[in-house]
Amino acid sequence: MISKVNLVLSGVVYCLKGMTVSVKEKTGKYSIIERTEVINEEPKAISFKVSNELMPFYFEECS
């Protein structure tokens, strides 16, 4: 999936517009989204929850 918007809260960058993310788990009202970032040549996974109602506004499927 591709992010349509910048998701930043209190200085924490969850994802920026155009970043590739993946849905790790979908439960009830929320989806757990994950993206990978490389810091000091080591990959680091960043996971966060997004309301399923907001998913179509924040993310789009890759073609």
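Buried here means under 20% relative accessible area, and partly exposed runs from there up to 50%. Keep that handy for the exercises below, which all work on a predicted model.

**Exercise 1. Find the aromatic pairs and classify each one by its ring geometry.**

Start with the cut-offs: ring centres have to lie within 6.5 Å, planes over 60 degrees apart make a pair edge-to-face, planes under 30 make it stacked, and the rest are tilted. Under that rule you should end up with two aromatic pairs.

Take Y14 and F48: their ring centres are 5.5 Å apart and their planes meet at 55°, so call this pair tilted. Now look at where the partners live. Y14 belongs to strand β3 (residues 12-15) and F48 to strand β6 (residues 42-51), so the pair ties together parts that are 34 residues apart in sequence. As for accessibility, Y14 comes out partly exposed at 25%, while F48 is buried at 9%.

Next come Y58 and F59. Here the centres are 6.4 Å apart and the planes stand at 85°, so this pair is edge-to-face. Y58 has 25% relative accessibility and counts as partly exposed; F59, at 3%, is buried.

**Exercise 2. Which residues make up the largest nonpolar core?**

Begin with the two buried rings you just met, because F48 has a relative accessible area of 9% and F59 one of 3%. Both turn up in the largest nonpolar core, which has nine residues: M1, L7, C15, V21, I33, F48, V50, M55 and F59.

Then zoom in on V21. Skip its neighbours within four places in sequence, and V21 is in contact with M1, C15, I33, E34, R35 and F59. As background, nonpolar side chains in soluble globular proteins tend to be buried together.

**Exercise 3. How many disulfides does the structure hold, and why is C15 in none?**

The count is zero. Check C15: its sulfur is 13 Å from the closest cysteine sulfur, that of C62, which is too far for a bond. A disulfide would need the two sulfurs within 2.5 Å. Their surroundings can be read off too: C15 is buried at 0% relative accessibility, and C62 is partly exposed at 45%.

**Exercise 4. Trace how β5 pairs with β4 and with β6.**

First side: strand β4 (residues 22-27) and strand β5 (residues 30-39) run antiparallel and are joined by five bridges. Among the partners, V23 is matched with I33 in β5, and E25 with I32. The hairpin has two residues between its strands, and G28 takes a positive phi near 50° there.

Second side: β5 and β6 also pair in the antiparallel sense, over 10 bridges. Opposite Y30 you'll find S51 in β6. This hairpin, too, has two residues between the strands, with N40 taking a positive phi near 50°.

**Exercise 5. Which ring does the charged end of K49 sit over?**

Go back to Y30, the residue that stands opposite S51 in β6. The charged end of K49 sits over the Y30 ring, 5.0 Å from its centre. That value passes the distance part of the test, which asks for NZ of Lys within 6 Å of the ring centre.

Definitions and conventions: Residues are numbered from 1 along each chain as its sequence is written. This is a predicted model: local features need pLDDT of at least 70, side-chain atom pairs count only at pLDDT 80 or more; totals for chains, interfaces and linings use all residues. Side-chain values use heavy atoms; hydrogens and water are left out. Rings of Phe, Tyr and Trp (its six-membered ring) pair if their centres lie within 6.5 Å; planes under 30 degrees apart count as stacked, over 60 as edge-to-face and the rest as tilted. Helices (H or I, at least four residues) and strands (E, at least two) are DSSP runs, numbered from the N terminus. Buried means under 20% relative accessible area, exposed over 50%, partly exposed in between (1.4 Å probe, protein chains only). A charge sits over a ring if NZ of Lys or CZ of Arg is within 6 Å of the ring centre and within 35 degrees of the ring normal. A nonpolar core is a set of buried Ala, Val, Leu, Ile, Met, Phe, Trp, Tyr and Cys residues joined through side-chain atoms within 4.5 Å. Contact means heavy atoms within 4.5 Å. Two strands pair if DSSP finds at least two bridges between them.
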